[in-house]
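User: Could you take me through one part of this fold up close? I'd like to see how a single helix sits against the sheet and what surrounds that spot.

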Amino acid sequence: MEKFKTYFLLTALTLLFVWFGGLIGGKTGMLIALVFAMGTNFYAYYYSSEMVLKHYDAVPIDEAHASGLYAIVRRLTQRAGLPMPKIYIIPDPVPNAFATGRDYEHAVVAVTEGLLELLDEHEVEAVIAHELSHIKHYDMLIGTVVASIAGAIATLANFGMFFGGGDDRDRPNPIVMLILMIVMPLIATLVQMAVSRSREYMADEGAAKLTGHPEWLQSALIKLENYARGGIVHEATPETAHLFIINPFTGKDMNFRTLFSTHPSTEERVARLEELKGRV
C-alpha cells in the first residue's frame with residue numbers, strides 16, 4: 001500500500017508537470033516536459049541519495065567504530081521488520097539526522113556527530129526510530145522526487161516567461177498564462193511542504209510505536225530545536241531541508257518559518273506525541 005501511494009503521488013506530479021508544459025509550449029512543450037520529468041524522476045530515484053550524502057560529506061561507519069549505534073539500529077529494524085540500513089556519520093557539530101535511499105535494500109540513516117554528542121541513548125534511539133519510520137513508508141523517495149518536481153516546475157515557469165508559446169491555438173490567454181507561471185511554482189512548493197509535514201507526523205507516530213516511549217522523541221525534538229535556533233548544518237540547502245528530522249533553517253527567517261517550512265512546528269509535534277502516551 002505504501003509503495004502504491006508513493007507511485008501514485010509521483011505519477012500525479014509528473015502529469016501536472018506535463019500539463020503545465022503543454023500550457024506553456026503546446027504539444028512541443030508537453031513532450032519536452034514529459035522527457036524532462038522522466039529524466040528528473042530517473043535521476044532522483046537512482047542517484048539522489050548518493051548526491052545528498054556526498055553534499056554533506058557523510059562517511060559510512062562500521063560496527064567496530066560505532067557498536068552502540070549499530071545495536072540501536074539493529075534492534076529497531078528487527079522490530080520494524082526492515083533490513084539493516086547503511087549507517088553514515090556527518091562530520092558536523094550541529095545535531096540533526098536524516099534517512100535517504102530509494103528502497104529498503106538501499107536505505108541509509110545518517111546522523112551528525114553533534115547529535116550523538118548532544119542526545120542520550122534513549123533520545124538517539126527515538127531519532128533513529130523516526131528515520132526508520134520514514135524508510136518504512138518510503139518517505140525518503142517521496143520527499144526527494146517531490147522536491148525535484150517542484151524545482152522542475154519552477155524552472156519550467158521561468159523558461160516559459162521568456163520562451164513560452166506554441167501555436168496560437170494551443171496557447172491560453174496571455175494573462176491566464178502569466179498567472180499560472182507565478183502560481184504553479186508556488187503550488188508545487190506548497191505540495192512539497194504539505195507532503196513533508198504530513199510525513200513528519202507519521203514518522204513521529206511510528207517512532208513512538210517502535211520505541212514504546214513517546215517522551216524519548218519529545219525530549220530529543222526539544223533539544224534539537226533549541227540547538228537549531230543557534231546553528232545551521234554546514235552546507236544545508238533548501239532543497240534538502242525536508243530530509244532532516246528538524247529543519248536546519250529553524251534559526252533563520254523565523255517570521256515566515258511556520259508558513260514556508262517543510263516541517264510542522266516542534267511544539268505541535270511534541271503535543272501530538274503527548275496524545276500518544278498510554279496508547280503505544
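Analyst: Helix α4 (residues 121-136) lies across β3 and β4, running at about 150° to β4. Helices here are DSSP runs of H or I with at least four residues, strands are E runs of at least two, and both are numbered from the N terminus. Axes are lines fitted to C-alpha atoms, for helices over the stretch in contact, with angles from 0 to 180 degrees between N-to-C directions. This is a predicted model, where local features need pLDDT of at least 70 and side-chain atom pairs count only at pLDDT 80 or more, while totals for chains, interfaces and linings use all residues. Residues are numbered from 1 along each chain as its sequence is written, and side-chain values use heavy atoms, leaving out hydrogens and water.

Now the sheet under that helix. It's an open one of 4 strands in the order β1-β2-β4-β3, with mixed pairing; strands pair if DSSP finds at least two bridges between them. β1 (59-60) and β3 are the edge strands, each pairing on one side only. β3 (residues 97-100) runs antiparallel to β4 (residues 108-112) over 4 bridges, and Ala99 stands opposite Val109 in β4. Even so, β3 is covered on both faces: Ala97 and Ala99 on one side, and Phe98 and Thr100 on the other, are all buried (under 20% relative accessible area, against over 50% for exposed and partly exposed in between, with a 1.4 Å probe and protein chains only).

Back to α4, which gives the largest share, 7 residues, of the largest nonpolar core. That core has 39 residues, and Val127, Ile128, Leu132 and Ile135 are among those touching the most other members. (A nonpolar core is a set of buried Ala, Val, Leu, Ile, Met, Phe, Trp, Tyr and Cys residues joined through side-chain atoms within 4.5 Å.) Leaving aside residues up to four places away in sequence, Val127 touches Ala97, Leu115, Leu119, Leu217, Ala220, Leu224 and Ile245, contact meaning heavy atoms within 4.5 Å.

Then there's the neighbour, α2 (67-80), which also supplies at least two residues of the core. α2 and α4 pack at about 45°, with their axes 10 Å apart. They are therefore oblique to each other (under 35 degrees is roughly parallel, over 145 roughly antiparallel, 65 to 115 roughly perpendicular, and the rest oblique). The contact includes Leu69, Ile72 and Leu76 of α2, and Val124, Ile128 and Leu132 of α4.
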